[in-house]
Amino acid sequence: MSGNEAAAEGAMRAGCRFYAGYPITPQNEIIAYMADHLPLRGGVFVQAESELAAINMLYGASAAGVRCMTSSSSPGVSLKQEGISYLAGSELPAVIVNISRAGPGLGDIGPSQGDYFQTTRGGGHGDYRCPALAPSTVQEMAEFTYLAFELADTYRNPVVVQGDGMVGQMMEPVALDHLRPPRPHQKPWALTGAAGRPRNIVRSFRGVKGELEKHNIKLQEKYDEIKRTEVRCVKIACEEADVLVVAYGTCARIAREVIAWPPRRLPGRVGLLRPVTLWPFPCRQIAELAERVRGVLTVEMNAGQMVEDVRLAVEGRCPVHLLRRMGGAVPTAREIADKLVALFG
Amino acid sequence: MPTTKLKDLANMTDLLSGGHAACPGCAGPIVLRLILLAAQQEGAYVVGSIATGCMEVCTTIYPKSAWRIPMIHNAFENSAATISGVETAYRALKKKGKVDKDIRFIAFGGDGGTYDIGLQSLSGALERGHNFTYVCYDNEAYMNTGIQRSGATPMGAFTTTAQAGTVAAGKAQRKKDLTAIVAAHGIPYVAQASPHRTRDLMQKAQKAVATEGPCFINVLSPCPRGWRFKPEDSIEMAKLAAETCVWPLYEIEDGELSINYKPREGKKKPVREWLKSQGRFRHLFTPRNEHLIEEIQQEVDRKWEALLKREA
């Protein structure tokens, strides 16, 4: 199946019972798959009249205690930002799948990682963060979307699955049997009818002086806890590495191929660190490796966004370089190898 | 009123050139070309905007453009807002004497960009009273992204997000009556048109472009890919839509409604013929869904009767 279909399947296996979406390339397969399958599994599929409507439908569905998801691609996710900020402010769990494409503006439908800042810094207004998972295979599209629902409910927070047009469109075999129906999360805060219990209030508006600051402090404490417990990354051949490549998503796939090349084509032993969570970012893991490698090469399909987080993590322990492609272009394995040789050969 | 004679038209320059990337049989470019020919006859310069959609994508593949007029594309939801800005700037420059040309503004959008996501910006522009014409080419779904249902998709039609199978029978909701919604803004000119009646379509475009204030034309644009019919039948489809009264041709000038085409007494075709002609309605012709055809017929009749009554 395609990566987009795998994301939809993973969501349904995680118990997603409400989906609202709006057409945009390259993620239309998610909508079509949800339209096909979700109603048959007891869920509700809605094609909204806009991205704004879709994200705000999630506000309602999530407040009612239902596992819910929307998906879009970069320009559409930009439109959703107000709603995501409201979800975060109201502490409502929801999953947003972003199959990103090249920008800015209309850009093109080619794959891109240009939404890294938007995804990892919150994206909308106010102080908030959303955990962001970056799949690099079709299998992970299913697994990470499944995991996103667990994280969302655990922390009462929106979670982003940050894919791109490449992993969304590519087709690979997928194993799904292990994605079993999860144990239901208790949601005592949900608006399920207040008969026989005190009423619940879901809101992001806090008009009483001082209350909003308290709420913000509480949110920040939650984000600190997520940073302590939910950092995920994959290290390949890092133990013996002289040089480290940091890449996620599609770029990590390509870099993984390069580090397996014969040593004579590379400047020594090259390891790959692949952030799985873009936020929280694997700062400590990168810092540890930076102590003993000659340098770091970050590979990204944007102008250089994650490289800023890598530099913050490395803190000058070794040089940090960037290989970037933009506008829907994808770096080739040879490009990465040539850059490594040029820098460290 | 300027000419709509074939002889004259043949000597004019198409403001939308051939060589664009529309699918074979697409009615969209025909609609756009006829409207632009009509607008040109006013002797005025035309400046256009277009929302994201089939026509935008297939006419503006960088570095090429099929447009022979200045054309601005912004995003999906804001063709009307974008042209509002352009038209306001024009008025300001004209007032200062920095522009002396007579410029007419036409905003284009598909049904997704007009009925759904662009409705807010369209309504705002109509209410503010900008001097422009909005043309909706209505192909009754999001065709550019792979046939997803829109507010314009008729009841019973299959789309990739309104499935037809053992449980569902295509789109369960009725088509939004956008022309009526726009007319409710009380703007000077509103019309519904179709590419099979070229003279009617062009006259409507001429009226709209010549009229001071916001005007709106909703044009049915048959889509062979999305509706599932042979590419050579596009104009036949448009004709059938009018003959079955699925898509009545009418105009509202300063609140006065007149119907531009009425099937002769007893010659109004059953909606069944319209449904039968397209693959997107195929599932309706099964014992399980057959009753829906009657429902659709009743709905078409009800709206047609209401239109006749309003005209009278």
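## Questions about two domains and a helix

Tutor: In this predicted model, domain 1 and domain 2 of chain A bury about 2,400 Å² between them, and carbon and sulfur atoms give 57% of that area.

Student: Which residues of domain 1 of chain A lose the most area to domain 2 of chain A?

Tutor: They are Q113(A), Y116(A) and S136(A), together 31% of what that side buries. The contact takes 31 residues from domain 1 of chain A and 25 residues from domain 2 of chain A, while the domain centres, taken over C-alpha atoms, are 28 Å apart.

Student: Why is the pairing of E140(A) and R274(A) called a salt bridge?

Tutor: The limit is 4 Å between a side-chain nitrogen of Lys or Arg and a carboxyl oxygen of Asp or Glu. For E140(A) and R274(A) the N to O distance is 2.6 Å, so the pair qualifies as a salt bridge. By that rule, three salt bridges cross the interface of domain 1 and domain 2 of chain A, and zero cross the interface of chain A and chain B.

Student: How do you know that the largest nonpolar core lies between the domains?

Tutor: Domain 1 (3–229) and domain 2 (233–344) of chain A both give residues to this core, and therefore it lies between them. Of its 86 residues, M34(A), M69(A), V296(A) and V310(A) touch the most other members. Helix α6 (residues 138–155) of chain A supplies the largest share, 11 residues.

Student: What is V310(A) in contact with, leaving aside its neighbours within four places in sequence?

Tutor: V310(A) is in contact with V246(A), F281(A), I286(A), V296(A), T298(A) and V320(A).

Student: Which residues of helix α11 of chain A are buried?

Tutor: In α11 (residues 306–314), M306(A), V307(A), D309(A), V310(A), A313(A) and V314(A) are buried; the word stands for under 20% relative accessible area.

Student: And what puts them on the same side of α11(A)?

Tutor: Their arc around the axis is only 155°, so they share one side of α11(A). These buried residues pack against several elements of chain A, including α5 (116–120), β9 (270–275) and β11 (295–300). Just after α11(A), E315(A) has a positive phi of about 50°.

Student: How much area do chain A and chain B bury between them?

Tutor: About 1,200 Å², 62% of it on carbon and sulfur atoms. On the chain A side, Y22(A), Q47(A) and L106(A) lose the most area to chain B, together 37% of what that side buries. The contact takes 17 residues from chain A and 16 residues from chain B.

Methods. Residues are numbered from 1 along each chain as its sequence is written. Chains are lettered from A and ligands numbered from 1 in the order in which they are written. This is a predicted model: local features need pLDDT of at least 70, side-chain atom pairs count only at pLDDT 80 or more; totals for chains, interfaces and linings use all residues. Side-chain values use heavy atoms; hydrogens and water are left out. Buried means under 20% relative accessible area, exposed over 50%, partly exposed in between (1.4 Å probe, protein chains only). Helices (H or I, at least four residues) and strands (E, at least two) are DSSP runs, numbered from the N terminus. The arc is that of the directions from the helix axis to the C-beta atoms. Contact means heavy atoms within 4.5 Å. A nonpolar core is a set of buried Ala, Val, Leu, Ile, Met, Phe, Trp, Tyr and Cys residues joined through side-chain atoms within 4.5 Å. Domain bounds come from an automatic or database domain assignment. Buried area is the accessible area (1.4 Å probe) that two parts lose on being put together, summed over both.
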